[in-house]
Number of protein chains: 2
Amino acid sequence: MSKSPFQLQEFLDESTLAVNQALDRFLPPARTAPRTIHESMRYSLFAGGKRMRPALCLAAAAACGGDAETAMPLACAVECIHTYSLIHDDLPAMDDDDYRRGKLTNHKVYGEGIAVLAGDALLTQAFEIAAKCQSQPRYSRAQVILEIARASGSLQLIAGQVADLEAEGKKVTEKQLRYIHERKTSALLCCAVRLGGMSANCTSRQLGALTDFGYHVGLAFQVIDDILDVTQTSEKLGKTAGKDTKALKATYPSILGLEKSRGIAERLTTKAFDALKVFKGRALALEGLAQFLLKRDR
Amino acid sequence: MSKSPFQLQEFLDESTLAVNQALDRFLPPARTAPRTIHESMRYSLFAGGKRMRPALCLAAAAACGGDAETAMPLACAVECIHTYSLIHDDLPAMDDDDYRRGKLTNHKVYGEGIAVLAGDALLTQAFEIAAKCQSQPRYSRAQVILEIARASGSLQLIAGQVADLEAEGKKVTEKQLRYIHERKTSALLCCAVRLGGMSANCTSRQLGALTDFGYHVGLAFQVIDDILDVTQTSEKLGKTAGKDTKALKATYPSILGLEKSRGIAERLTTKAFDALKVFKGRALALEGLAQFLLKRDR
């Protein structure tokens, strides 16, 4: 019997549905007092995100022989952190964005005060959810929480946002831009992938491979985001296109040009694929996702 | 031999020094890139806070036969959360305060964007520190982290801030005000005390007593804060006095008058003392702190 081809769309549809249901279970209902904060948290969390980080987490678990149910709390924790970072990044004091995923940003709907608090609450919620995950023989719950805290902290995710803020309107080198992208995007993507492996009690060799994969996919993902900002319309992106250019924000295309940037994205993806060789064909979902991330047009 | 009397000032001096040293160890050095964020985190964390929550945490550990070293990561985690909440509360979109503890607030020094991120980073740092605590036979590290996440989340600390925001300029009942104070202040104080007990592997009876104590001391603490805002000068408080009145913020004195508020604070403290009877005189530091919190004039 020949192996049936991997159906990425099916995997994505299933994982998105399962993640949405789990997030709905993990979060206080919208009517819970104070309603404003729970409505606001849910507004951004259910604003049509692609759920790429949870999908990567679940795919990594599958590659290591784990199941989606065990990986789910960690997949959801990462999505809460991703959403919090978007809410805070969109604030007037940061990127000052009015639209995100085709909808008004959190502070445009709920006001700045509630938007700050909704971000805070989602960040806190992430740790509450993660603290409920199953421990594994090789990885305690505390280790998993440490992993999330480090990827989201002042040396990674937040460092990226700070460096991004400080680079605005300045001349930025390729090295500095890579520093920003590694932290703003790669760190949490890589964390999602590692957490998936940890939930499946992966070996240290597998964890190393997942780290390598996550780092390169994350960086490729962000380079493509930069490219799409230049080449696509606002309507298609669901957010203000050309925004980076207007804000004089350094991007791969603005520093290196479009062609070179596309080449970099492709090379990063090749490196990501190479990292998966350890799994000897059992990382189909991760491979499919990496291909999807490189070929996407929005 | 007669028992030597408990020296509160000595306990406070020692615990403040130890907490400051531990916080300094737990946080990335100020020169760590990106410098802005680490300087900003440290600016607010070392702005002369009274370290009441860490002191309560260490005192609770002592009451249960534990030591300061084991309780320290949790004491520091709570202080990081307290500081993050102050930075975000002071933002223009929230309470819009220029001074805190006699110094310019974080956003007045570093700008709003960095202030939001410094708060985010301290919140994240709290979980990183807590994840490194020692587990106890009765309490895993994950349980302790869950405790912190719940006390800081959208049903407690953040709920209080939301309700406070929404009450501004409106007529507030005593019941609503208690809701706000329970969440804005009591929740984290109570958490600090419970964490101290948990670090000492306390019994469930002791944990119940600490919860009762923490709740009442926390509420008393906030009622007194309300009273001091009316009765003290800005210079003495190190922040803008009369601010609550100007912002038309509901406080115990504004709803019930000064005398009745003082009576409430005293009754709450009595209840707190009653909760400590379980410890049969071994909770000297907790008793001393409760007395100190009620008698303070700033």
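# A tour through two chains

Begin by selecting A:Pro34, which sits in the loop between H1 and H2 of chain A. Keep in mind throughout that this is a predicted model. The peptide bond that joins A:Ala33 to A:Pro34 is cis, with an omega of about -10 degrees. Most peptide bonds are trans, and most residues other than glycine have a negative phi. Now move to the other chain and select B:Pro34, whose place is in the loop between helix H1 (8-26) and helix H2 (35-45) of chain B; there, too, a cis peptide bond is present, joining B:Ala33 and B:Pro34 with omega at about -10 degrees.

**The helix after the loop**

Return to chain A and select helix H2, residues 35-45. H2(A) is mostly covered, since eight of its eleven residues are buried, and these buried residues are A:Thr36, A:Ile37, A:His38, A:Ser40, A:Met41, A:Tyr43, A:Ser44 and A:Leu45. What should be displayed around the helix to see its cover? The elements that cover its buried residues include helix H1 (8-26), helix H4 (68-89), helix H5 (106-110) and H6 of chain A, together with helix H8 (157-167) of chain B.

Within this helix, pick out A:Ser44, which is found in H2 of chain A and is buried, because 25 other C-beta atoms lie within 10 Å and the cut-off for a buried residue is 20 or more. Which residues does A:Ser44 touch, once its neighbours within four places in sequence are left aside? Its contacts are A:Thr83, A:Leu86, A:Ile87, A:Asn106 and A:Ala118. Add A:Tyr84 to the selection as well: A:Ser44 and A:Tyr84 are 40 residues apart in sequence, and their C-alpha atoms are 8.4 Å apart in space.

**Where the chains meet**

Next, colour the two chains separately and look at the contact between them, which takes 40 residues from chain A and 40 residues from chain B. On the side of chain A that touches chain B, the elements that give two or more residues are helix H2 (35-45), helix H6 (112-130), helix H7 (141-152) and helix H8 (157-167). Of these, H6(A) provides the largest share, with twelve residues. If you colour this side of chain A by residue type, its residues divide into 24 nonpolar, ten polar and six charged.

How are the two copies placed relative to each other? A turn of 180 degrees, with a shift of 0.0 Å along the axis, lays chain A on chain B with an RMSD of 0.0 Å, and the two copies are thus related as by a two-fold rotation axis. The same surface serves both copies, as 100% of the contact residues of chain A recur in chain B. To find the axis from chain A, select A:Ala142, whose C-alpha atom, at 2.8 Å, comes closest to it among the residues of that chain.

**Chain A as a whole**

Zoom out to chain A, whose secondary structure comes to 15 helices and two strands. The radius of gyration of chain A is 18 Å, close to the 19 Å that the globule rule gives for 298 residues, so the chain is as compact as a globular protein of that length. Its C-alpha atoms fill a box of roughly 55 × 50 × 35 Å along the principal axes, and buried residues make up 56% of its 298 residues.

For the interior, select A:Cys57 and B:Cys57, the residues with the most contacts inside the largest nonpolar core, which has 202 residues. Not counting residues up to four places away in sequence, A:Cys57 touches A:Ala71, A:Leu74, A:Ala75, A:Val78, A:Ala192, A:Val193, A:Leu195 and A:Gly196.

**Last stops**

In chain B, go to B:Leu268, which is found in helix H14 (residues 258-275) and counts as buried, with 23 C-beta neighbours inside 10 Å. Leaving aside neighbours within four places in sequence, B:Leu268 is in contact with B:His216, B:Leu219, B:Ala220 and B:Val223. Of these, B:Ala220 is 48 residues from B:Leu268 in sequence, yet the two are 5.6 Å apart, C-alpha to C-alpha.

Finally, select A:Asp96, in the loop between H4 and strand E1 (99-100) of chain A. Although it is not a glycine, A:Asp96 has a positive phi of about 55 degrees. Is A:Asp96 buried or partly exposed? A:Asp96 is partly exposed, with 14 other C-beta atoms within 10 Å. In chain B, B:Asp96 has a positive phi of about 50 degrees and, with 14 C-beta neighbours inside 10 Å, counts as partly exposed.

Conventions
Residues numbered from 1 in each chain as written. Chains lettered and ligands numbered in written order. Predicted model: local features only at pLDDT ≥ 70, side-chain atom pairs only at ≥ 80, totals over all residues. Least-squares fit on C-alpha atoms with pLDDT ≥ 70 in both. Contact = placed C-beta atoms within 7 Å. Helix = DSSP H or I, 4+ residues; strand = E, 2+ residues; numbered from the N terminus. Rg over C-alpha atoms; globule rule 2.2 N^0.38 Å. Buried ≥ 20, exposed ≤ 12 C-beta atoms within 10 Å, placed from the backbone. Nonpolar A, V, L, I, M, F, W, Y, C, P; charged D, E, K, R; others polar. Core = buried A, V, L, I, M, F, W, Y, C linked by C-beta atoms within 7 Å.
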